[in-house]
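Trainee: I would like to work through selected residues and ring pairs before planning my reading of this chain. May I put my questions to you one by one?

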Amino acid sequence: MTTRHSAGILLFRRTGGSPEVLLGHMGGPFWARRDAGAWSLPKGEYTSDEEPEAAARREFQEELGLPTPAGELLPLGTTRQSGGKVVTAWALEGDLDPAEVVPGTFDMEWPRGSGRVRSFPEVDRVAWFDLDAARDRIVTGQRVFLDRLGELLRA
């Protein structure tokens, strides 16, 4: 079994001395009624023929429907999520209005076993959170990126 790889960008802004990060609530029926552990940085899978940074920029635009803001990507490293997927992330200082997000979609059979394929948004809502609030909402395997961002900003 080959390891799946994802790459993403953790957008952050500084407001009143406290940094905030942009997270997306995962779309689809599995996440609809969940809040804690159901948010993620914009990210997605890539194959060996694509550079992780290029995939992170592509996925940002695909998931949010907006171009990646200009600026320097700050490496946050990698982590292995509980399902085995390896995620590589970068932080990027920038701003955007969540109301302007036009999320990409994905198709899946729903209800399972029904034979009906439905389309769902990649993310069903997007919001800014301070690091403490983000820690409560983000997928457990991605919390390390919040810690690493905090360390970068304190340095």
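**Aromatic pairs and two loop residues**

Mentor: In this predicted model, F129 is buried, its relative accessible area being 10%. Let us begin from that residue.

Trainee: How many aromatic pairs does a search of the whole structure find?

Mentor: One pair is formed by W39 and F129. Another is formed by F106 and F120. The search of the whole structure therefore gives a count of two.

Trainee: Which geometry do the rings of W39 and F129 have, edge-to-face or stacked?

Mentor: The ring centres of W39 and F129 are 5.0 Å apart, and the planes stand at 85°. An angle over 60 degrees counts as edge-to-face. The pair is therefore edge-to-face.

Trainee: How many residues apart in sequence are the parts that this pair ties together?

Mentor: W39 belongs to strand 3 (residues 39-40), while F129 belongs to strand 9 (residues 123-130). The pair therefore ties together parts whose separation in sequence is 90 residues.

Trainee: Is W39 buried or exposed?

Mentor: The relative accessibility of W39 is 3%. The limit for a buried residue is under 20%, so W39 counts as buried.

Trainee: What is the angle between the planes of F106 and F120?

Mentor: These two rings lie 5.9 Å apart, centre to centre. F106 is in strand 7 and F120 in strand 8 (residues 117-121), 14 residues apart. The pair is tilted, with an angle between the planes of 35°.

Trainee: Which residue of that pair is partly exposed?

Mentor: F120 has a relative accessibility of 9% and counts as buried. F106 has a relative accessible area of 25%. Partly exposed covers the range between 20% and 50%, so the residue asked for is F106.

Trainee: Which side chain does the side chain of Q81 join through a polar contact?

Mentor: Q81 lies in the loop between strand 5 (74-80) and strand 6 (86-93), and Q81 is buried at 15% relative accessible area. Leaving aside residues up to four places away in sequence, Q81 touches K43, V87, V139, G141 and Q142. The polar contact, at 3.1 Å, is with the side chain of Q142.

Trainee: Is V102 buried or exposed?

Mentor: V102 sits in the loop between strand 6 and strand 7 (105-109). V102 touches L64 and G65, residues up to four places away in sequence not being counted. Its relative accessibility is 55%, and the limit for exposed is over 50%, so V102 counts as exposed.

Definitions and conventions
Residues are numbered from 1 along each chain as its sequence is written. This is a predicted model: local features need pLDDT of at least 70, side-chain atom pairs count only at pLDDT 80 or more; totals for chains, interfaces and linings use all residues. Side-chain values use heavy atoms; hydrogens and water are left out. Helices (H or I, at least four residues) and strands (E, at least two) are DSSP runs, numbered from the N terminus. Buried means under 20% relative accessible area, exposed over 50%, partly exposed in between (1.4 Å probe, protein chains only). A polar contact is a pair of N or O atoms within 3.5 Å; within protein, one must be able to donate a hydrogen and the other to accept it, and residues adjacent in sequence count only if both atoms are side-chain atoms. Contact means heavy atoms within 4.5 Å. Rings of Phe, Tyr and Trp (its six-membered ring) pair if their centres lie within 6.5 Å; planes under 30 degrees apart count as stacked, over 60 as edge-to-face and the rest as tilted.
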